[in-house]
Amino acid sequence: MKNTSVTFKEMKKKGEKISMLTAYDYSTAKLIDESGINGILVGDSLGNVMLGYPDTVSVTMEDMIHHGAAVARGVKDSLVVIDMPFMSYQASVYDAVINAGRLMKEGRAGAVKLEGGEEIIPQVQAIVKASIPVMGHIGLTPQSINAFGGYKAQGRDIASAKKLIKDAKLLEEAGCFAIVLECVPAELAAYVTENISIPTIGIGGGAGTDGQILVYADMLAMFSDYKPKFVKQFANVGEAMREGFKAYDNEVKAGTYPAEEHNYTIAAEVLEAAVKGE
Ligand code: KIV
């Protein structure tokens, strides 16, 4: 069944949990889609996971379109959400609408995601008015890493918990169809979830949110630069890859790969005729 922004809202109403993972390429997206995951986020975490940057600040619109379109080509049923990268929407409402439109037209997204609360409400309203579904993202918002001074849990004091609740309500009123809650205390995430009508998708927000999202390379133990507290490794694909690469290296060096069954054949007389007179 094709998942859309409307499906997500209906799932909350029915009390059904929503599953999401990130992806950045065709083959991974296809595997995730075939596994029945409801949504795929082409996150700007591609900056860390795919491009080797220390943060998401350097990720460009061209990066997001390039990877977003690859993911969209691999997906049949999951909702594809593409992240709006740093500085593609913060400076003006005009930038926000034009860039969201590019992610839909060129990236073939089903929705876009923006980080921030009160300060980006005019942008969210304008994008929604252009008939583009918007997913919000509050709590730890990695694009603001330089303002936060590090990757820290948010909403742990009265002022920041109040801001989180207010931002969630403002994003709901502005027309978001769902909100990501990143690195916030479980009780606060559950409170927000119970007090808004649109689904919350948690990452480091406990089990009380309407859905969960993880970076696929974290949950498969493929990304080893750091491991956030909330990550559970569901399979050790990183180790399986390392073993496969080592086995290949050994066989190439031992001359056991390629073997007979991997070879193409040529009739002896054809080869003889071809090399005659060489
Ligand atoms: O970029 C990303 O992967 C994200 C998720 C962590 C929610 O925004």
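**Figure 1. Lys-163 and its two acidic partners.** In this predicted model, Asp-167 and Lys-163 form a salt bridge whose closest N and O atoms sit 2.8 Å apart. The two are four residues apart in helix 8, so about one helical turn separates them. That spacing fits the usual geometry: an α-helix has 3.6 residues a turn, so residues three or four places apart point the same way. Lys-163 also meets Glu-119 in a salt bridge, this time at 3.6 Å from N to O. Glu-119 belongs to the loop between strand 4 (111-113) and helix 6 (121-129), so its pairing with Lys-163 in helix 8 ties together parts that are 44 residues apart in sequence. As for burial, Asp-167 is buried, with a relative accessible area of 4%, while Lys-163 counts as partly exposed because its relative accessibility is 41%.

**Figure 2. A salt bridge within helix 11.** Here the side chains of Lys-253 and Asp-249 come together at 2.7 Å, N to O. Both residues lie in helix 11 (residues 237-254), four residues apart, or about one turn of the helix. Lys-253 is exposed, its relative accessible area being 65%; Asp-249 is partly exposed at 32% relative accessibility. A search of the whole structure turns up nine salt bridges.

**Figure 3. Arg-102 in a salt-bridge network.** Arg-102 sits in helix 5 (residues 93-105) and is linked with Glu-62 and Glu-106 in a network of salt bridges. Setting aside neighbours within four places in sequence, Arg-102 is in contact with Met-61, Glu-62, Ile-65 and Gly-107. Take Ile-65: it is 37 residues from Arg-102 in sequence, yet the C-alpha atoms of the two are 7.8 Å apart in space. With 23% relative accessibility, Arg-102 counts as partly exposed.

**Figure 4. The ligand and its surroundings.** The residues around the ligand include Thr-22, Leu-41, Gly-43, Ser-45, His-137, Val-180, Glu-182, Ile-203 and Val-215. Three side chains are worth zooming in on for their polar atoms. Lys-113 has a polar side-chain atom 2.9 Å from an oxygen atom of the ligand. For Asp-44, a polar side-chain atom lies 3.1 Å from a ligand oxygen, and for Asp-83 the distance from a side-chain N or O atom to a ligand oxygen is 3.2 Å. On its own the ligand exposes 260 Å², and the protein buries 95% of that.

**Figure 5. Two cysteines, no disulfide.** Why is there no bond for Cys-176? The closest cysteine sulfur, in Cys-183, is 19 Å from its own sulfur, which is too far for a bond. Cys-183 is likewise in no disulfide, and the count for the structure comes to zero. Both cysteines are tucked away: Cys-176 counts as buried at 2% relative accessibility, and Cys-183 counts as buried at 13%.

**Figure 6. The buried residues of helix 9, and the chain they belong to.** Within helix 9 (residues 186-195), the buried residues are Leu-188, Ala-189, Ala-190, Val-192 and Thr-193. They pack against helix 1 (5-14), helix 8 (158-174), strand 6 (178-182) and strand 7 (200-203). Zooming out, the chain has twelve helices and eight strands, and buried residues make up 47% of its 278 residues. Of the contacts between residues at least 6 apart in sequence, 58% join residues at least 24 apart. The chain exposes about 14,500 Å², with carbon and sulfur atoms supplying 56% of it.

Conventions
Residues numbered from 1 in each chain as written. Predicted model: local features only at pLDDT ≥ 70, side-chain atom pairs only at ≥ 80, totals over all residues. Heavy atoms only, no water. Buried < 20%, exposed > 50% of the residue type's maximum accessible area, 1.4 Å probe, protein only. Contact = heavy atoms within 4.5 Å. Disulfide = S-S within 2.5 Å. Near = heavy atom within 4 Å. Polar contact = N/O pair within 3.5 Å; in protein donor to acceptor, adjacent residues only side chain to side chain. Areas by Shrake-Rupley, 256 points an atom, 1.4 Å probe, with all protein chains shown as cover. Salt bridge = Lys/Arg side-chain N within 4 Å of Asp/Glu carboxyl O.
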